[in-house]
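Q: Please take a close look at a single part of this structure: the packing around one helix, and the charged side chains that go with it. A connected account would be more useful to me than a list.

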Amino acid sequence: MGLTAAARDGFGITELLWEKFTAGLPRKHECDYRNGTALTPGCRPPSMLIAAKRPVASKKADGRAVVSRAIARSPRSKRIAESTSGTREVLIREAMKLFADRAIGAVSLREIVQKAGQGNQSAIHYHFKDKQGLVDAVAEHVQQIFQPYYDAALADVRAADEAGTLGTEDLVTALVMPVVLVFHANETGRDAIRFLAKLASDGGDVGQSLLLSKSASYVIEIERLLAKRLPRKPREKLWLQMLLCLSSTLFGLTALGGLRFSPFGNNAPLYPGRRDELIRDYVHFVSRGVLGD
């Protein structure tokens, strides 16, 4: 899914970003657990994984030896841990789909449990404590979907910055392209974008704060590089324009089906068969908003 030659014109590093993003996502980090502790950064131990401990002999005050009992790892406990982890992941995925389809407040916990194929109605309380805990977990899941795109974009942006070839429009492209690419990756990506849109519109202050916290480090880095190249633009104005740029991208993608047609030319479809060109022109459009006075 590469860009056409016409779509690459004027993009600077966008070609590098697009090719790297669409070449395939890096594999998930493999987690190594010992004694219940993740040795790989970013990994979390399964909630029911208990490391094997050998009985330790000790003595009471009267001199009698006692043996402290610990739960030893067994094939059965391993299956329980895997089942628990799998249940949690299914609940997160199904919740994301339902939240994406409707307002977060309109989805009941019972419906999520049923959709996930779980017979135990207390499954969500066991794994997430409450609905807000589940929403937080879904947001974390979406952030993990985005992270490979963020990492690849920042690597290319920094390389271009060091080479002196990084332009302002390249930075705006890097700002919105991860959102575009996640949306076009697969159905899970589309659910992720629609969930974020619902989180922004229906989540209130808590939802908006959660949304911004998950992308803060990436957006702040892009803002730093933009501010360096736009020294005369007030910083607060730049922040507003960047947030509006992201917001229009997020909500625009969720309404993409309605935007494919127009009242012009006898309701003819827009950009038929030219999605790359449509994306290019959209990036040019939002760039004008961020880079203009």
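**Helix 7 and its partners**

A: The protein chain of this predicted model has a secondary structure of twelve helices and four strands. Of its 293 residues, 37% are buried. Among contacts with a separation of 6 or more, 65% are between residues 24 or more positions apart.

Confidence comes before detail. The average pLDDT of the protein chain is 76, and 69% of the residues score at least 70. Residues 1-73 have a pLDDT below 50, although this stretch makes 113 contacts in the model beyond near neighbours in sequence. Residues 75-82 also stay under 50, and the model gives them five contacts beyond four places in sequence. That second stretch falls at the start of helix 3, which spans residues 75-101.

Further along helix 3 is E94. E94 has a relative accessible area of 14%, so this residue counts as buried. Apart from neighbours within four places in sequence, E94 touches K115 and A116.

The part to examine is helix 7, residues 168-185, which packs against helix 9 and against helix 12.

Take helix 9 to begin with. The axes of helix 7 and helix 9 come within 9 Å and cross at roughly 165°. An angle over 145 degrees counts as roughly antiparallel, and therefore helix 7 and helix 9 are roughly antiparallel to each other. The crossing of helix 7 past helix 9 is left-handed. On the helix 7 side the contact is made by T168, L171, A174, L175 and P178. On the helix 9 side the residues are Y218, V219, I222, L225, L226 and R229.

The other partner is helix 12, residues 275-291. Here the axes of helix 7 and helix 12 also come within 9 Å, but the crossing angle is roughly 135°. That value falls outside the ranges for roughly parallel, roughly perpendicular and roughly antiparallel, so helix 7 and helix 12 are oblique to each other. Helix 7 passes helix 12 in a right-handed crossing. The helix 7 residues in this contact are T168, E169, V172, T173, V176, M177, V180 and H184. They meet R275, I279, V283, H284, V286, S287, R288, V290 and L291 of helix 12. T168 appears in the helix 9 contact and in the helix 12 contact.

Within this second contact, I279 of helix 12 has a relative accessibility of 7%, so I279 counts as buried. The C-alpha atoms of I279 and M177 are 9.0 Å apart, with their positions 102 residues apart along the chain.

Now the charged side chains. Side chains of opposite charge can pair when their charged atoms come close. A search of the whole structure gives 14 salt bridges. One of them joins E221 and R158, with 3.8 Å between the closest N and O atoms. E221 is in helix 9 (residues 204-229) and R158 is in helix 6 (residues 131-163), so this pair ties together parts that are 63 residues apart in sequence. E221 is buried, at 14% relative accessibility, whereas R158 is partly exposed, at 42%.

Another salt bridge is between D161 and R229, at 2.5 Å from N to O. D161 belongs to helix 6 and R229 to helix 9, so the link is again between distant parts of the chain, 68 residues apart. D161 is partly exposed at 22% relative accessibility, and R229 is partly exposed at 24%. R229 is thus a salt-bridge partner of D161 and one of the helix 9 residues in the contact with helix 7, a placement whose accessibility of 24% counts as partly exposed.

Which salt bridge sits inside a single helix, helix 8? R194 and D191 form one at 2.7 Å from N to O. Helix 8 covers residues 187-202, and R194 and D191 are three residues apart there, so about one helical turn separates them. D191 is buried, at 6% relative accessibility. Elsewhere, R274, E277, R280 and D281 are joined into one network by salt bridges that share partners.

To summarise the packing, helix 7 is roughly antiparallel to helix 9 and oblique to helix 12, with a left-handed crossing past helix 9 and a right-handed crossing past helix 12.

Notes:
Residues are numbered from 1 along each chain as its sequence is written. This is a predicted model: local features need pLDDT of at least 70, side-chain atom pairs count only at pLDDT 80 or more; totals for chains, interfaces and linings use all residues. Side-chain values use heavy atoms; hydrogens and water are left out. A salt bridge is a side-chain nitrogen of Lys or Arg within 4 Å of a carboxyl oxygen of Asp or Glu. Helices (H or I, at least four residues) and strands (E, at least two) are DSSP runs, numbered from the N terminus. Buried means under 20% relative accessible area, exposed over 50%, partly exposed in between (1.4 Å probe, protein chains only). pLDDT is the predictor's confidence in each residue, from 0 to 100. Contact means heavy atoms within 4.5 Å. Axes are lines fitted to C-alpha atoms, for helices over the stretch in contact, and angles run from 0 to 180 degrees between N-to-C directions. Angles under 35 degrees count as roughly parallel, over 145 as roughly antiparallel, 65 to 115 as roughly perpendicular and the rest as oblique. A crossing is left-handed if the near helix is turned anticlockwise from the far one by less than a right angle, and right-handed if clockwise.
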